[in-house]
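The exercises below are meant to be worked with the sequence and the structure side by side. Try each task before reading the solution that follows it.

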Amino acid sequence: MKLSRRSYIVLCASMLAVAAPAYADSVDTLQKIKQAGKIRVATDLANSPFGMKDADLKPIGVDIDIAGQIAKDLGVELQIVPTTGPNRIPFLTTDKADIIVSTLAKRPEREEVIDYTQMPYSFSQSVVGAPKTMAISGWKDLAGKRIAVTRNTTNDTDVTKKAPDATVVRFDDEATTIAAVVTNQVDIIAQSPEFLDVINKRNTSKQMEAKFVVGQNEYGIGVRKGNPELKKWLNDWLVTNFDNGTLNRIHRKYLGYDLPKDFKTIWK
Amino acid sequence: MNYEFNFTAVLKYWPLLLEGTWVTLKLTIVTTVMGMVVGVVCAVLRTGGPPWARRIVGAYVEVIRNTPLLIQAYFLVFGLASAGVHLPIQVAGSIALIVNVGAYTTEIIRAGIDAVHRSQIEAAECLGLSRLQTYVHVIIRPAMERVYPALTSQYVLLMLASSLLSAVGVDELYGMATRVQGFTFRNFEVFVMIGAFYLLLAVVVRHAFVLFGLLIFPRRRKLGTAL
């Protein structure tokens, strides 16, 4: 078959158009979850202590326990959809997951594409960590140094903005970012303090310590836009389970300290 | 289909995409030149070198062609660092690409060398050409000319494969595109755009190869026919 140049271009363009997605319908995800008898939760299983696997390779962590409790209270089966920092929101917006429970901090640019629950379910600090021998006490000391972050996470956004003279080295998931530091490829990292222990355990010569706090992140549940029923159900669920202490119990179990008293109104 | 395309949100980040394109282009140029050198040297060693060299090159080609590029990159970026060899990530990543494409180039050029007829080499000997002259003018150049189309597509593939380095911390075009996607969440716009960027880069690489071919193959330049 001989193609003229013009029809060739039309063919290419139409192939691109077909590749675009068909989106959105009017049925609330809450009904679809109940109909299907299962809830698909996007979460990262390489993000200790929020999502990880125990010695028997069973998923555990704050995010997993929260997701499990939601599924139980909805009376449906929990289906974990493994994602990473960069792709969890695309998974939600393209309907490959029903909700995100994956250390999802609130960001204005994220709120343009997805909805958040009105209160978070957990929180953690994030710090700049480096070996003990390095003298670092603030953003200025990072100038000219290389710092490892996971692409498109809150840490990436913060470090990129606040340390413009540092070289930010970005990896696709938390596991690779940790690996970069464990293998001495990069010495400085922006992460939750819990991760520094993980690094020190795997590479005992590393002696990582928290140098300064980047910020505190509260983690909410991500819901696809246009699902008021599901959002309302989750909001009520969060309030109920904060009041009865379930949220605190789960948070304490993995992080060792309590949720603040004003946690319910922290996003207001 | 009711997805509304919004390219303006993505275009706001064009400096990032441009930076990524530049990194991809730099990676491509460096790895193409070095990969070609590695390929020619190894092909010559594999066809005409001493037995031990043939065996070493053979092992190199087999190991590299039968393992994924991503693992080779992980090995060079993280593996060497934990063994105490400190290379900047971009350098380690480039080496991974060179090592990878070098193995493929070796096999392609070896095929070209095998296709040089024995009588050609005998004729060169009769004309009193030295061993080096025979290699350069009678073996390698016609061999390269014969397999040049295969080499071209291998190096276009190399340019596309450089996107894998985003996984080990190199912010090339794909890595930058993922970041833009993270700022805007306009996934399809970003993918359509970098698809077009890669297409453009592929056209550039292909044309560069055609022009370079005319430069190094005077026979083709004068006659314009395939060997």
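**Exercise 1.** Determine how exposed A:Asp258 is, and find the side chain that A:Asp258 meets in a salt bridge.

*Solution.* In this predicted model, A:Asp258 has a relative accessible area of 40%, and because values between 20% and 50% count as partly exposed, that is the class to which A:Asp258 belongs. The next step is to look for a partner, and the side chain of A:Arg252 meets that of A:Asp258 in a salt bridge, at 3.1 Å from N to O. A:Arg252 is likewise partly exposed, with a relative accessible area of 41%. Side chains of opposite charge can pair when their charged atoms come close.

**Exercise 2.** Work out how B:Arg118 and B:Glu122 are placed in their helix, and how far apart their closest N and O atoms lie.

*Solution.* Begin with the sequence: both residues belong to helix H6 (residues 118-126) of chain B, and because they are four residues apart there, about one helical turn separates them. An α-helix has 3.6 residues a turn, so residues three or four places apart point the same way. Then turn to the side chains, where B:Arg118 forms a salt bridge with B:Glu122 and the closest N and O atoms are 3.6 Å apart. Finally, B:Glu122 has 37% relative accessibility, and is therefore partly exposed.

**Exercise 3.** Find the salt-bridge partner of A:Arg170, and decide whether the two residues are buried or exposed.

*Solution.* The search over all chains finds 24 salt bridges in the whole structure, and one of them joins A:Arg170 to A:Asp156, with the closest N and O atoms 3.0 Å apart. This pair links distant parts of the chain, since A:Arg170 lies in strand E9 of chain A and A:Asp156 in helix H6 (residues 154-162) of chain A, 14 residues apart. Both A:Arg170 and A:Asp156 are buried. Following the salt bridges further, one arrives at a network that links A:Arg151, A:Asp156, A:Arg170, A:Asp172 and B:Asp171.

**Exercise 4.** Locate A:Asp44, and establish which backbone nitrogen its side chain reaches.

*Solution.* A:Asp44 sits in the loop between strand E1 (38-43) and strand E2 (52-53) of chain A. Although A:Asp44 is buried, it has no salt bridge, and the nearest side chain of opposite charge, that of A:Arg88, is 7.1 Å away. The side chain of A:Asp44 does reach the backbone nitrogen of A:Ala46, at 2.8 Å. Beyond the neighbours within four places in sequence, A:Asp44 is in contact with residues including A:Gly51, A:Ser102 and A:Glu174.

**Exercise 5.** Establish how many residues of helix H7 of chain A are buried, and what covers them.

*Solution.* Helix H7 (residues 174-182) of chain A is mostly covered, with seven of its nine residues buried; among these are A:Glu174, A:Ile178 and A:Val182. The cover includes strand E9 (167-171) and helix H8 (193-202) of chain A, and also helix H4 (69-82) of chain B. Just after the helix, A:Asn184 takes a positive phi of about 70 degrees.

**Exercise 6.** Describe the secondary structure of chain B, and find which residues make a nonpolar surface patch there.

*Solution.* Chain B comes to ten helices and zero strands, and 45% of its 227 residues count as buried. The nonpolar surface patch, of about 570 Å², is made by B:Ile29, B:Val30, B:Val33, B:Met34, B:Val37, B:Val41 and B:Leu45. Of these, B:Val33 is found in helix H2 (residues 14-48) of chain B.

Conventions:
Residues are numbered from 1 along each chain as its sequence is written. Chains are lettered from A and ligands numbered from 1 in the order in which they are written. This is a predicted model: local features need pLDDT of at least 70, side-chain atom pairs count only at pLDDT 80 or more; totals for chains, interfaces and linings use all residues. Side-chain values use heavy atoms; hydrogens and water are left out. Buried means under 20% relative accessible area, exposed over 50%, partly exposed in between (1.4 Å probe, protein chains only). Helices (H or I, at least four residues) and strands (E, at least two) are DSSP runs, numbered from the N terminus. Contact means heavy atoms within 4.5 Å. Lys and Arg count as positive and Asp and Glu as negative; His and the chain ends are not counted. A salt bridge is a side-chain nitrogen of Lys or Arg within 4 Å of a carboxyl oxygen of Asp or Glu. A polar contact is a pair of N or O atoms within 3.5 Å; within protein, one must be able to donate a hydrogen and the other to accept it, and residues adjacent in sequence count only if both atoms are side-chain atoms. Patches are made of residues with over 30% relative accessible area and no salt bridge: like charges are joined within 9 Å, nonpolar side chains (Val, Leu, Ile, Met, Phe, Trp, Tyr) within 5 Å. Accessible areas come from the Shrake-Rupley method with a 1.4 Å probe; for residues, only the protein chains shown count as cover.
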